[in-house]
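Biologist: Got a minute to go through this model with me? I'd like to start with the ligand and then look at the backbone.

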Amino acid sequence: MSKGTIKKVAGPLVIAEGMRDSNMFDVVRVSNQRLIGEIIEMHGDEASVQVYEETSGLGPGEPVESMNAPLSVELGPGLITSIYDGIQRPLDEIMKVSGTNLKRGVEVPSLKRDKKWNFVPTVKVGDEVQNGDIIGTVQETIVVNHKIMVPYGINGKVKEIKAGEFTVEDVVAVIETKDGDKEVGMMQTWPVRKGRPYLKKLPPEMPLVTGQRVVDTFFPIAKGGVAAVPGPFGSGKTVIQHQLAKWAEADIVVYIGCGERGNEMTDVLNEFPELKDPKTGQSLMERTVLIANTSDMPVAAREASIYTGITIAEYFRDMGYSVALMADSTSRWAEALREMSGRLEEMPGEEGYPAYLGSRLAQFYERAGHVVSLGSDQREGALSVIGAVSPPGGDISEPVSQATLRIVKVFWGLDSALAYKRHFPAINWLTSYSLYVDNMADWFDDNVAADWMENRQKLMSLLQDEAELEEIVKMVGMDALSASDRLKMEAARSIREDFLHQNSFHEVDTYSSLKKQHLMMKLVLAFYEQAKEALEKGANIQGLIKMEVREKIGRFKYVTEDKLDKEYYAVLKELAADIANVFGKEDF
Ligand SMILES: Nc1ncnc2c1ncn2[C@@H]1O[C@H](COP(=O)(O)OP(=O)(O)O)[C@@H](O)[C@H]1O
Ligand SMILES: [Mg+2]
């Protein structure tokens, strides 16, 4: 182990000398308090160390010891339901040791050492295995079946395999390799700044269904895709991230609360476990790993938190699961990066962010994907990443938003004007986009309805026309519009209010299946198309606008999934009757 001494302390940055034998990205222990840090720059025998704990009181001459290993996470049973800080220290365990004020230098293992897990083997003595192969399973929580995989770099023949109750440090298998026998336990470690390997990446062609209409219908994210949600304070970033955590088709959720709120750490710890998993009725934590870095926690750990989170997410992806990772907010992460860069006295780029902001963001998002995992069974896993961005004042021309937009394929632009009008989710339908739509068009047409894409396009066009018509109305007033344009405006309003608007807090409206989304699209279009035809045949525009069935169309979002078809046909029937009725009456 190489040892040096502190030369200088600048906030979370410590310069140590006498460090010639250490390497970039080595984990170090700083001072006799043994604070955890990581080498982020080397010059000769001087190392710049980013320290993940409060450095006040530290001074020159104190020891700095390199652990000769990169910053890594522990991967194995016990991850699910855990709440970690940015370098995978279990917050609840630390609080037990040191109370709510995080004491420095506490050493608590990431995975519990004393807990026994029931290991069920899936291979037998004599089987040939390679890295990534599943050798057994552990029922980690009610909903998560944890697959124990052969660690990277181990290939050979099973010499011994156990069954029963073991801790993560026990040996559950021995594998005979050409370099000798290897003992395998249920825990692996992996360096956080390096993506976990896989066999190959597959193109994104399946949506990550979220049950959120504006997302699935208009701006879908692929399984294994990347999306950004930029928006000003109060526009709904956290609500949408929570909705996706609850409803997206993900077996595992990794949620990184990244310096966003000014709240105390305890708030985050209390709030998230209270979210209910609609699929199981249990706490959402039963399939979640939570990484919490509130703004009152050391800034350097926030920089590391997104790597810690994504490494854990990749590990579950490797098991063949659909994993969704949310980071709220990447802006706070970028600010941590900026602070460290400033301390290093690097040449500042735009708004003080380092020139490598964009490449760091890209390296992070690139770890998403739909992949074939290592191992002989060709299992597929997906890691989808959704990052919230909180640009100051909501102005996305700033560097973090711009750098993010160059990378992600889906942009859900939250709009303060919509939020102010309480149109939620406040995703602006004119500026948002999904570059996965073309790839996934066939999937929707084949798996939901043959006219899915066609209907989606009709809705989009009506909304675009509405935006243009609004300009005209602003200049010359509503009365100047032709009857058919008035009808178009009404149809667009119905799309906005009846279809796009979705209340996350309403027990039925909070989630819409794709089937329901399809029927809702058809209803708003049925009104428009049939009313248009009636108008052409001479029906009265006022009468068409005031038809009672429109109220029913508006309430279709509250129809439960089991009554969809029945209610759909009832509304269509009423629509036909109402239109006939408009012809019957001459004046209103
Ligand atoms: N989909 C939604 N349905 C209902 N209310 C919403 C929705 N999205 C946001 N809101 C409202 O907006 C408020 C602010 O949202 P939040 O996600 O905390 O904003 P941000 O994280 O962008 O600051 C929420 O407390 C809620 O009242
Ligand atoms: Mg928020």
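Modeller: Sure, here is the ligand site, followed by some backbone details. It's a predicted model: local features need pLDDT of at least 70, side-chain atom pairs count only at pLDDT 80 or more, and totals for chains, interfaces and linings use all residues. Residues are numbered from 1 along each chain as its sequence is written, chains are lettered from A and ligands numbered from 1 in the order in which they are written, and side-chain values use heavy atoms, with hydrogens and water left out.

Biologist: How many residues surround ligand 1?

Modeller: There are 15 around ligand 1, and the closest are G234, K237, T238, V239 and S504. Being near takes a heavy atom within 4 Å.

Biologist: Which polar side-chain atom lies 2.8 Å from an oxygen atom of the ligand?

Modeller: One from K237. S504 puts a polar side-chain atom 2.7 Å from a ligand nitrogen, and a polar backbone atom of G234 is 2.7 Å from a ligand oxygen. The cut-off for such polar contacts is a pair of N or O atoms within 3.5 Å.

Biologist: OK, backbone now. Where is the peptide bond from D328 cis?

Modeller: It's the one to S329, with omega near 10 degrees. The bond from F424 to P425 is cis too, with omega near -10 degrees.

Biologist: And what is phi of Q88 near?

Modeller: Near 60 degrees, a positive value in a residue other than glycine. In general, most residues other than glycine have a negative phi, and most peptide bonds are trans.

Conventions. A polar contact is a pair of N or O atoms within 3.5 Å; within protein, one must be able to donate a hydrogen and the other to accept it, and residues adjacent in sequence count only if both atoms are side-chain atoms.
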